[in-house]
Amino acid sequence: METISENKAFGGTQGVYRHASNATQTDMTFGLFLPEEAQFGPVPVLWYLSGLTCTHENAMNKAGAQGWAAEQGIALIFPDTSPRGDGVADDAAYDLGQGAGFYVNATEAPWAQHFQMWDYITEDLPNTVFENFALDPARQAITGHSMGGHGALTIAMRFPERFASVSAFAPICNPTDSDWGRKQLNAYLGADEEKWAPHDATLLMHATGFDGPMLIDTGADDQFGDLLKTEALAHAAAARRQQMTLRMQPGYDHSYFFVSSFMEEHIAFHADALYSA
């Protein structure tokens, strides 16, 4: 593992690191904020999965999360959103290819060789960070924005024993029920829709739910509202009697101005779950 940079921040350290990924067969870069408490022992972890077109830098630089995480003594992990490099498949569209991994293990050409983002987030990167940093694997939570919210919700519902809590900012909630979402799922996973279901938060809510607290914020003026399908997840949660707080925030859009406005509340929400785990 290579250290790209380390900067003191809010009493702790904001680092950026690069490592060779077994999952993607590429070098991957991630950000990690360690609070001051990590000097004395393992600290709880909050994973933040970013959205389309983002790298590890977007949330690290724009979400305003480090100060609130430092107050709670929580580490933040900012993974990249896809494999990258000259030998990695790409597409001219913003919603496919590099920057648009959708947190799935692709099975279709030309994506299958490197786009194994599910394994990267759930196995490869956790193995790396828990081996190299003072992080507590028994206290993990997960959040994300947009495509990253989709990833956070689906990963949490597939690994409920791992995460004390899950939250999301404007998540993609029901991609199998939109032409736009079906485009990506078909490209990465093929035409068999049974393979899509494990990557649809609404279908997972119907099937299994999540054994823990959930918090979702979406802007009422989100410019991608029709694609997010927030209402479908709300109906599924109500039908399942899932504990979930869903807030439509008046006047807010899809941007990081929206994300940063509610970051304090999300980190406090996760802190409550992490310290009672």
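Which residues form one aromatic cluster with Trp111? Select Phe102, Phe115, Trp180 and Tyr188 together with Trp111, and the cluster is on screen. Note before going on that this is a predicted model. Across the whole structure, a search finds 13 aromatic pairs.

**Stop 1: the cis peptide bond.** Select Ala109 and Pro110. The peptide bond that joins them is cis, and its omega is near 0°. Pro110 belongs to the loop between E5 and H3.

**Stop 2: helix H3.** Now select residues 117-132, which make up helix H3. Look along the helix to Leu125, where there is a kink of about 35°. The proline Pro126 comes shortly after the kink. Next, colour the buried residues of H3: Met117, Trp118, Tyr120, Ile121, Thr122, Asp124, Leu125, Pro126, Thr128 and Val129. Leu125, the site of the kink, is thus on the buried list, and Pro126 is on it too.

What covers these buried residues? Show strands E2 (12-20), E3 (27-34), E4 (43-49), E5 (75-78) and E6 (135-144), and add helix H4 (147-158); the cover includes each of these elements.

**Stop 3: two residues with positive phi.** Go to Phe10, in the loop between strand E1 (2-9) and E2. Phe10 is not a glycine, yet its phi is positive, at about 50°. Is Phe10 buried or exposed? Its relative accessible area is 57%, and the cut-off for exposed is over 50%, so Phe10 counts as exposed.

Then move to Thr53, which lies in the loop between E4 and helix H1 (57-62). Thr53 is another residue other than glycine with a positive phi, here near 75°. With a relative accessible area of 52%, Thr53 is exposed.

**Stop 4: a charge over a ring.** Select Arg162 and Phe159 and show their side chains. The charged end of Arg162 sits over the ring of Phe159, at 4.4 Å from the ring centre.

**Stop 5: the largest pocket.** Finish with Leu52, His145, Ser146, Phe224 and His254. Of the 18 residues that line the largest pocket, these lie nearest its centre. The space in this pocket is about 290 Å³. To see more of the lining, show H1 and helix H7 (225-228), each of which supplies at least two lining residues.

Technical notes
Residues numbered from 1 in each chain as written. Predicted model: local features only at pLDDT ≥ 70, side-chain atom pairs only at ≥ 80, totals over all residues. Heavy atoms only, no water. Bend = angle between axes of the 7 residues up to and from the residue. Helix = DSSP H or I, 4+ residues; strand = E, 2+ residues; numbered from the N terminus. Buried < 20%, exposed > 50% of the residue type's maximum accessible area, 1.4 Å probe, protein only. Contact = heavy atoms within 4.5 Å. Phe/Tyr/Trp six-rings, centres within 6.5 Å; stacked < 30°, edge-to-face > 60°. Lys NZ or Arg CZ within 6 Å of the ring centre and 35° of its normal. 1 Å grid on protein atoms, 1.4 Å probe; cavity = no way out; pocket = protein on both sides within 12 Å on 5 of 7 lines; lining within 4 Å. Points joined across faces, edges and corners; volume = space filled by probe spheres on them.
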